[in-house]
Amino acid sequence: PGLPLNTDQSYDGNQLDVTFDNKFGERTGYTLKARSLIYAYKLASLARQLDRHDFLIGGSINYDLTEITQISGEYRYQDIAYDSVGQTKDKQSHFFLAGFDYNPTEKYLFSVKAGLEQRNRSGAPDDETPRVEAVVRYDYGEKSFVSGGYMLAIEEISNVVLYTDIEVHRFFVNLQHSLTAKTTGSLFFNVEPSTLLGRPGLSPNRDETTQRMGAALTLQPARGWTVSGTVDVDVTDSADTFRDLDRTRFGIDLRYSF
């Protein structure tokens, strides 16, 4: 959104995730995790604006208060480095989060994390903003569940000339239903009232709302294999009219787990 639509906006994306879980004792555990994301756009003009490396590393400690309640503390560090003109676009964030998981039965889960993101920007003012992640989930059958929640986050944006980031309030609902022993269907719906954070002297903050809807049909033809067909619809209504968007995407996903 916000970039000329008569250009090739395709890109190569590479993602690597590493997670390690262990325990200090019977009730106390910890998790170490890291993520590396690399974006490489095919069109040279977009590559100069948007090619970047996003690196995230973090650790958390959790403690079982009871059999159904767990509390946790977490720290994350994020480094976003653009390939060109990084002195105006690069940023680093420190996240400090605390949360709890409440699992009263095998069917219900309530999870909340809240805290602070300290974001340091190159070429733009720094920020301290709240960070919230809340989820409610109900498992009503084998491989069948409904979940909903809310997230508050600062995320990257496509128009890096006028804006530094976008502050997103994300309300979401997910449904997965087992159709047969080897087939599941899923639906999701997101509403994202957001604020475009303008660069000082170039643009004011602007309001924007995005709605995302999607569906998938997933088949497990053999042990470890899954095949999914997907459809996704995005609709963006923005105070920056160049960012208005109406997009439908179709996809096929093939995955092997071992």
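Helices (H or I, at least four residues) and strands (E, at least two) are taken here as DSSP runs and numbered from the N terminus. The model is predicted, so local features need pLDDT of at least 70 and side-chain atom pairs count only at pLDDT 80 or more, while totals for chains, interfaces and linings use all residues. Residues are numbered from 1 along each chain as its sequence is written, and side-chain values use heavy atoms, with hydrogens and water left out.

On this basis, the protein chain holds two helices and 13 strands. Its C-alpha atoms fill a box of roughly 55 × 40 × 30 Å along the principal axes. The radius of gyration (taken over C-alpha atoms; globule rule, 2.2 Å times the number of residues to the power 0.38) is 20 Å, which agrees with the value near 18 Å for a compact globule of 258 residues. Of these 258 residues, 33% count as buried, where buried means under 20% relative accessible area, exposed over 50%, and partly exposed in between (1.4 Å probe, protein chains only).

Turning to the interior, a nonpolar core is a set of buried Ala, Val, Leu, Ile, Met, Phe, Trp, Tyr and Cys residues joined through side-chain atoms within 4.5 Å. The largest such core has 10 residues: Leu3, Leu37, Tyr39, Tyr41, Leu46, Ala47, Leu50, Ile80, Tyr82 and Val160. Two or more of its residues come from each of β2 (28-41), α1 (44-50) and β4. A second, separate core of five residues includes Ile157, Tyr163, Ile166 and Val168. Leaving aside neighbours within four places in sequence, Tyr82 is in contact (heavy atoms within 4.5 Å) with Gln49, Leu50, Asp51, Arg52, Lys89, Asp90, Glu156 and Val160.

Ser203, in the loop between β10 (183-198) and β11 (206-219), is buried, with a relative accessible area of 11%. With the neighbours within four places again set aside, Ser203 is in contact with Leu162, Tyr163 and Gly198.

What lies on the outside? A nonpolar surface patch of about 780 Å² is made by Tyr63, Leu65, Ile68, Ile71, Phe100, Tyr102, Tyr108, Phe110, Val112 and Val136. Patches are made of residues with over 30% relative accessible area and no salt bridge; like charges are joined within 9 Å, and nonpolar side chains (Val, Leu, Ile, Met, Phe, Trp, Tyr) within 5 Å. A salt bridge is a side-chain nitrogen of Lys or Arg within 4 Å of a carboxyl oxygen of Asp or Glu, and accessible areas come from the Shrake-Rupley method with a 1.4 Å probe, only the protein chains shown counting as cover for residues. β5 (91-102) and β6 (108-121) each give two or more residues to the patch, and β6 gives the most, with three.
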